[in-house]
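Thanks for coming. I have one structure to go through today, and I will put it up now.

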Amino acid sequence: MTIKAMTIAGSDSGGGAGIQADLKTFQELGVFGTSVITAITAQNTLGVTDVHPIPVLTIEEQFKAVITDIGADAVKTGMLYDKERIEAIADLVSRHQVTNLIVDPVMVTTTGSPLLKEDAQDTLIKKLFPLAILVTPNIPEAEAILSKKREDFDKLEDMAKALYHACGGVPVLLKGGHEARAEFMTDVLFTGQTSVLYTSPRIDTTHTHGTGCTYAAAITAFIAQGVKLESAIFKAKEFLHVAIEQAKPVGEGAGPVHHSAHRESSISDVNMEVLT
Ligand SMILES: Nc1ncnc2c1ncn2[C@@H]1O[C@H](COP(=O)(O)OP(=O)(O)O)[C@@H](O)[C@H]1O
Ligand SMILES: Cc1ncc(COP(=O)(O)O)c(N)n1
């Protein structure tokens with residue numbers, strides 16, 4: 001049986017993030033990847049120079065074409081651009097009973113370009129989050145969702161718990177890649193019952209373009225294969241860690257992670273700790 005995963009996201013012409021990162025990740029992890037493109041960005045390792053949103057009707061037709069013929073064992077969302085597109089996608093996902101939805105609430109690129117209109121955040125939280133099995137914000141996205149700062153919380157675990165409630169009681173994976181000066185990078189999963197910490201050593205690099213997309217796509221691929229959420233995140237972080245470690249020089253700015261790095265490297269530096 002062929003396992004299939006779908007990404008609903010924006011295109012990154014530079015090939016490091018968005019649809020391109022998702023499809024590379026699906027392929028690397030042995031899952032057949034399909035895509036619904038929400039917007040086309042003119043982008044490279046230095047930044048975004050143009051964004052062209054795809055008409056809602058074309059988004060709907062892409063989704064229907066895939067789901068009615070090929071199907072999807074899991075679906076992830078990335079850049080959704082605005083309110084209108086989020087509403088259309090939420091409607092499609094619920095009408096077609098997508099059960100394994102992972103939402104990466106992409107708001108701004110690493111280089112600082114906005115990928116989501118400011119007035120769309122509320123729709124994302126109210127309409128799309130409730131349909132997900134996991135939401136994966138980084139710290140700036142978590143701050144925007146909570147209208148609070150990282151400093152308002154003692155521990156990252158406390159911020160993840162607050163996020164769980166702000167996201168309507170959906171499991172959240174709060175990614176700690178933006179923690180200043182940390183020697184180890186910790187992400188926290190809060191499921192409503194348990195907190196799980198995923199820790200890996202910080203790699204000294206600026207080539208982290210596409211980390212969030214690659215991480216969520218890898219989680220989606222493992223979920224599509226039937227791996228449980230806690231382990232899917234662990235395996236995805238292992239995949240991502242070597243991809244960051246072995247990023248190749250591409251472009252003049254923040255280079256992309258190396259999606260096929262796991263083929264040569266099986267060394268795992270990732271640690272998982274379940275808190276009760
Ligand atoms: N320099 C780094 N070294 C090791 N892991 C990193 C590094 N930068 C990011 N990561 C990992 O990449 C993942 C995504 O991180 P983060 O930067 O928080 O999200 P986003 O890519 O969405 O901004 C996290 O698991 C984080 O630990
Ligand atoms: C089309 C698209 N989607 C998502 C991202 C976020 O990726 P990153 O935060 O790694 O720049 C991006 N840069 N472009």
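I will start with the annotation. UniProt, in an unreviewed entry, lists residues 12-258 as "domain: Pyridoxamine kinase/Phosphomethylpyrimidine kinase". Please keep in mind that what you are looking at is a predicted model. In that model, residues 12-258 are 39% helix and 18% strand, and the C-alpha atoms at the two ends of this span lie 15 Å apart.

Now the ligands, beginning with ligand 1. Which residues come nearest to ligand 1? They are N138, K175, G177, M185 and G212, out of 18 residues around this ligand. Strand 8, residues 184-190, gives at least two residues to the shell around ligand 1, as do helix 7 and helix 8, the latter covering 229-245. Sorted by class, the shell of ligand 1 holds 9 polar, 5 nonpolar and 4 charged residues.

Ligand 2 is next. Its surroundings also come to 18 residues, and G10, A17, G18, T109 and T110 are the closest. Strand 1 (4-12), strand 2 (32-43) and helix 7 (211-224) each contribute at least two residues to the shell around ligand 2. How many charged residues are in the shell around ligand 2? There is 1, alongside 11 polar and 6 nonpolar residues. Note that helix 7 has now come up for ligand 1 and for ligand 2.

Let me stay with strand 2 for a moment. Strand 2 runs antiparallel to strand 3, residues 48-53, and 5 bridges join the two. They form a hairpin with 4 residues between the strands. In the turn, G47 has a positive phi of about 155°. Q43 faces V48 of strand 3 across the pair.

Last, the helix packing, where I have two pairs. For the first, take helix 7 again, with helix 1, residues 18-28. Their axes come within 8 Å and cross at roughly 40°, which means helix 1 is oblique to helix 7. The crossing of helix 1 and helix 7 is right-handed.

For the second pair, helix 5 covers residues 139-146 and helix 6 covers residues 156-166. The axes of helix 5 and helix 6 come within 10 Å, with a crossing angle of roughly 50°, so helix 5 is oblique to helix 6. What is the handedness of the crossing of helix 5 and helix 6? That crossing is left-handed.

That is what I have for today.

Notes. Residues numbered from 1 in each chain as written. Chains lettered and ligands numbered in written order. Predicted model: local features only at pLDDT ≥ 70, side-chain atom pairs only at ≥ 80, totals over all residues. Near = placed C-beta within 6 Å. Nonpolar A, V, L, I, M, F, W, Y, C, P; charged D, E, K, R; others polar. UniProt positions renumbered as here; feature names shortened; annotations may be inferred. Pairing = 2+ DSSP bridges. Axes fitted to C-alpha atoms, helices over the stretch in contact; angles between N-to-C directions. Parallel < 35°, antiparallel > 145°, perpendicular 65-115°, else oblique. Left-handed = near helix turned anticlockwise from the far one by under 90°.
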